[in-house]
Amino acid sequence: MNTAAKPPANQRSTQQWQAADAAHFLHPFTDFKSLASKGSRVITRAENIYLWDSDGHKILDAMSGLWCVNVGYGRQELIDAATRQLKELPFYNSFFQTATPPAIELAELLAEVTPPQFGHVFFSGSGSEGNDTVVRMVRRYWDLQGQPERSVIISRHNAYHGSTMAGASLGGMSGMHAQGGLPIPGIVHIGQPFWFELGGGMTRDAFGLEAAGWLEKKILEIGADKVAAFIGEPVQGAGGVIIPPATYWPEIQRICDKYGILLVSDEVICGFGRTGNWWGCETFGFRPDLMTFAKGVTSGYIPLGGVMVGDRIARVLIERGGEFNHGYTYSGHPVACAVGIANLRLIQREHLVDKVRDDLGPYLARHFEMLAEHPLVGEAQSIGLMGALQLVADKASGKTFDAVHEVGMLCRGHCFGNGLIMRAVGDRMIIAPPLVMTHAQIDEMAALIRRCLDLTLADVKARRWL
Ligand code: PXG
């Protein structure tokens, strides 16, 4: 053991933090060696929509942490709720016929803010665990219906549903499947409704129907009597904020209904107001049987996730299911649930969902229309408070850059250098800022984005990549 005296935590320099980080901390989705050679950016505090790093730089967080800090940083109500609950009862489980008041109250509140078919919730600690629960629950449902052969779950390429074995299998990320022998059996993928890449001259609406039709083709190929469920994010988040054509989800619903297949909406990113309604399925007009949630349920202040269980499934599990052999130590963690309650009450009290739909979403969309004029931008799309700018080499034809140039990463570098956090997914620059932004802050964010696009344009011109 290293017994050398260390300076108190809050007095370490950036370099000291980076050295300890490189020595001991394996980060998620990270090339360990490459990060160790560069050093992490160490974030030390936050307030409202801004972060500060260990060198004192102020950064506008246009990604809400990781799509989760919907109510912004530093909200006293959430801090008080956690503190109160930590004192009163920091932990008790809900396994052996016990429950805690915060878990019960949050379950009740979730039933109130979700669409009418949802009266029950199963809690997990994260979105990935929520989607593991979905797989178990969907298969259990069909067992109980006397159709155990209905076990295949259909998902989509470039979907993200988490990083556990089931979550990564449901997801459609080839890089994840390549590590660890995934997907697990019984999970198959169809194409994504990504008009910019796959639309091939069709109108958006015609393409939406075409892309939904891939589900029917897959069902017929497998045999409807073998298909348990279809899962999708209303808007693919980590895949690049891919907003489907308006025709897509209603057609998916029609197909699932036609073959009696369960429909699962992964609302881990789209839930809690992100798209301008409480749930992405409301924005896109479909009626799921199960909904996975996480992130925004506590605005990321503390880990919590779960699955909303629709009446069709709940009735069978409750009436005829016997014991459901599944659960997590932290299912219904009282402190996490207390923060969840405070967070939902705050969203209600500040009318954040209405604000995103009626005010902030349209205001951001107007900025995106202006950013769409930028010579580097081939497509600018937003819904509610999430959006994507597709960077292209040729605006007229929509020709993309050679992937090896990593133009998105170049742009992301400028964002970091200019006090803005934006994600790059390939050459798609994406944002999902906190739902508490003011117009002035949206103006500030848009100006920073424009500056970073200009700097990136100068780079690609200098390198003759245009
Ligand atoms: N479903 C969706 C739709 C998600 O976006 C998960 C499930 C998994 O949640 P947990 O809590 O297990 O992480 C997510 C998570 C990115 C990025 O790069 C996105 C997520 C996680 C990490 C990185 O955009 N989304």
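**Notes on the sheets, helix H5 and the ligand site**

1. Starting with the small sheet: four strands form an open sheet in the order S1-S2-S3-S13, and the pairing is mixed. Its edges are strand S1 (43–47) and strand S13 (420–421), each of which pairs on one side only. Bear in mind throughout that this is a predicted model.

2. Within that sheet, S1 runs antiparallel to strand S2 (residues 50–53), with four bridges between them. If you want a residue pair to click on, take Arg 45, whose bridge partner in S2 is Trp 52.

3. Now to helix H5, residues 101–113. This helix has 13 residues, and the distance from its first C-alpha to its last is 18 Å, close to the 18 Å expected at 1.5 Å a residue.

4. Which residues of H5 are buried? They are Pro 102, Ala 103, Leu 106, Leu 109, Leu 110 and Val 113. These sit on the same side of H5, because they cover an arc of only 130° around the axis. The background is the usual one: an α-helix has 3.6 residues a turn, so residues three or four places apart point the same way.

5. Look at H5 from the face turned away from its buried side and you'll find the exposed residues Pro 101, Ile 104, Glu 108 and Glu 112.

6. What covers the buried residues of H5? The cover includes two helices, H4 (76–88) and H14 (334–349), along with strands S4 (118–124), S9 (290–293) and S10 (305–310).

7. S10 deserves a closer look. Six of its six residues are buried, so S10 is largely enclosed by the rest of the structure. Gly 305, Val 307 and Val 309 point one way from the strand, while Gly 306, Met 308 and Gly 310 point the other way, and all are buried.

8. S10 also has strand partners. With S4 it pairs in the antiparallel sense over six bridges, and Val 121 stands opposite Met 308 in S10. S9 and S10 run antiparallel too, joined by four bridges; here Phe 293 stands opposite Gly 306.

9. Finally, the ligand. It is surrounded by 16 residues, and the closest are Trp 67, Gly 127, Ser 128, Asp 266 and Arg 423. For Ser 128, an N or O atom of the side chain is 2.5 Å from an oxygen atom of the ligand. The side chain of Trp 67 also has an N or O atom 2.8 Å from a ligand oxygen. With Gly 127 the backbone is involved: one of its polar backbone atoms is 3.0 Å from an oxygen atom of the ligand.

Methods
Residues numbered from 1 in each chain as written. Predicted model: local features only at pLDDT ≥ 70, side-chain atom pairs only at ≥ 80, totals over all residues. Heavy atoms only, no water. Expected span 1.5 Å × (residues − 1). Buried < 20%, exposed > 50% of the residue type's maximum accessible area, 1.4 Å probe, protein only. Arc of directions from axis to C-beta. Contact = heavy atoms within 4.5 Å. Pairing = 2+ DSSP bridges. Near = heavy atom within 4 Å. Polar contact = N/O pair within 3.5 Å; in protein donor to acceptor, adjacent residues only side chain to side chain.
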